[in-house]
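This report walks through one protein chain, moving from single residues to the whole. Please keep the sequence and the 3D view side by side while reading.

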Amino acid sequence: MEWQAVCALVQTSLGVSLAPADIRRLRRRGLAFRGIGPGAARTMVAVAWRRDDANPLIARLLAAVGQEAPTAVPRATPPVRLRP
């Protein structure tokens, strides 16, 4: 999505966004920009895939994030935790 579209959604109260600092240059009326200092924000990233999908890209993605593709997927797969 384009940053101008993201700003428009925020401006019309349809969302909030985390954005790079240079987005401030768009100068949209009614938007507030706040900086987030180092260590101030943390997030968890999860990887999800269809249980029956044999696409080799899934195995490559999981290898890239330091996980192995399970040979037998249990009913509820826990989220993949990435190292910061």
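## Pro20 and Ala19 in the loop

Pro20 sits in the loop between α1 and α2, and because its relative accessible area is 40%, a value between the 20% and 50% limits, Pro20 counts as partly exposed. In this predicted model, the C-alpha atom of Pro20 lies 9.6 Å from that of Trp3, although 17 residues of sequence separate the two.

Ala19 also belongs to the loop between α1 and α2, and with a relative accessible area of 41% Ala19 is likewise partly exposed. Along the chain Ala19 and Phe33 are 14 residues apart, while in space their C-alpha atoms are separated by 9.2 Å.

## The largest pocket

Ala19 and Phe33 appear again when we turn to the largest pocket, since both are among the five lining residues that lie nearest its centre, the others being Ser17, Leu18 and Arg34. The lining of this pocket consists of 18 residues in total, and the volume of the pocket is about 420 Å³.

What classes of residue make up the lining of the largest pocket? Sorted by class, 14 of the lining residues are nonpolar, two are polar and two are charged.

## Two more residues of the loop

Ser13 lies in the loop between α1 and α2, and its backbone deserves a careful look, for the phi angle of Ser13 is near 65°, which is a positive value in a residue that is not glycine. Most residues other than glycine have a negative phi. The relative accessibility of Ser13 is 66%, and because this is over 50%, Ser13 counts as exposed.

Arg29 is placed in the loop that runs between α1, residues 3-11, and α2, residues 56-64. Is Arg29 buried or exposed? Its relative accessibility is 76%, so Arg29 counts as exposed. A distance of 7.8 Å separates the C-alpha atom of Arg29 from that of Gln11, and these two residues are 18 positions apart along the chain.

## The salt bridge

How many salt bridges does a search of the whole structure find? The search finds one, and a salt bridge joins the side chains of Asp53 and Arg50, with a distance of 2.8 Å from N to O.

The two partners can be compared by how much of each is accessible: Asp53, at 25% relative accessibility, counts as partly exposed, whereas Arg50, with a relative accessible area of 56%, is exposed. The two fall into separate classes because 25% lies between the limits of 20% and 50%, while 56% is over 50%.

## The chain as a whole

Having looked at single residues, we can step back to the chain, which contains two helices and zero strands. The chain has 84 residues, and 10% of them count as buried.

The accessible surface of the chain amounts to about 7,500 Å², and carbon and sulfur atoms contribute 54% of it. If we consider the contacts in the chain with a separation of 6 or more, residues that are 24 or more positions apart account for 22% of them.

Key. Residues are numbered from 1 along each chain as its sequence is written. This is a predicted model: local features need pLDDT of at least 70, side-chain atom pairs count only at pLDDT 80 or more; totals for chains, interfaces and linings use all residues. Side-chain values use heavy atoms; hydrogens and water are left out. On a 1 Å grid over the protein atoms alone, a cavity is a set of points where a 1.4 Å probe fits but cannot get out, and a pocket is an open set with protein on both sides within 12 Å along at least five of seven lines; lining residues have an atom within 4 Å of a point. Grid points are joined across faces, edges and corners, and a volume is the space filled by probe spheres set on the points. Ala, Val, Leu, Ile, Met, Phe, Trp, Tyr, Cys and Pro count as nonpolar, Asp, Glu, Lys and Arg as charged, and the others, Gly among them, as polar. Helices (H or I, at least four residues) and strands (E, at least two) are DSSP runs, numbered from the N terminus. Buried means under 20% relative accessible area, exposed over 50%, partly exposed in between (1.4 Å probe, protein chains only). Contact means heavy atoms within 4.5 Å. Accessible areas come from the Shrake-Rupley method with a 1.4 Å probe; for residues, only the protein chains shown count as cover. A salt bridge is a side-chain nitrogen of Lys or Arg within 4 Å of a carboxyl oxygen of Asp or Glu.
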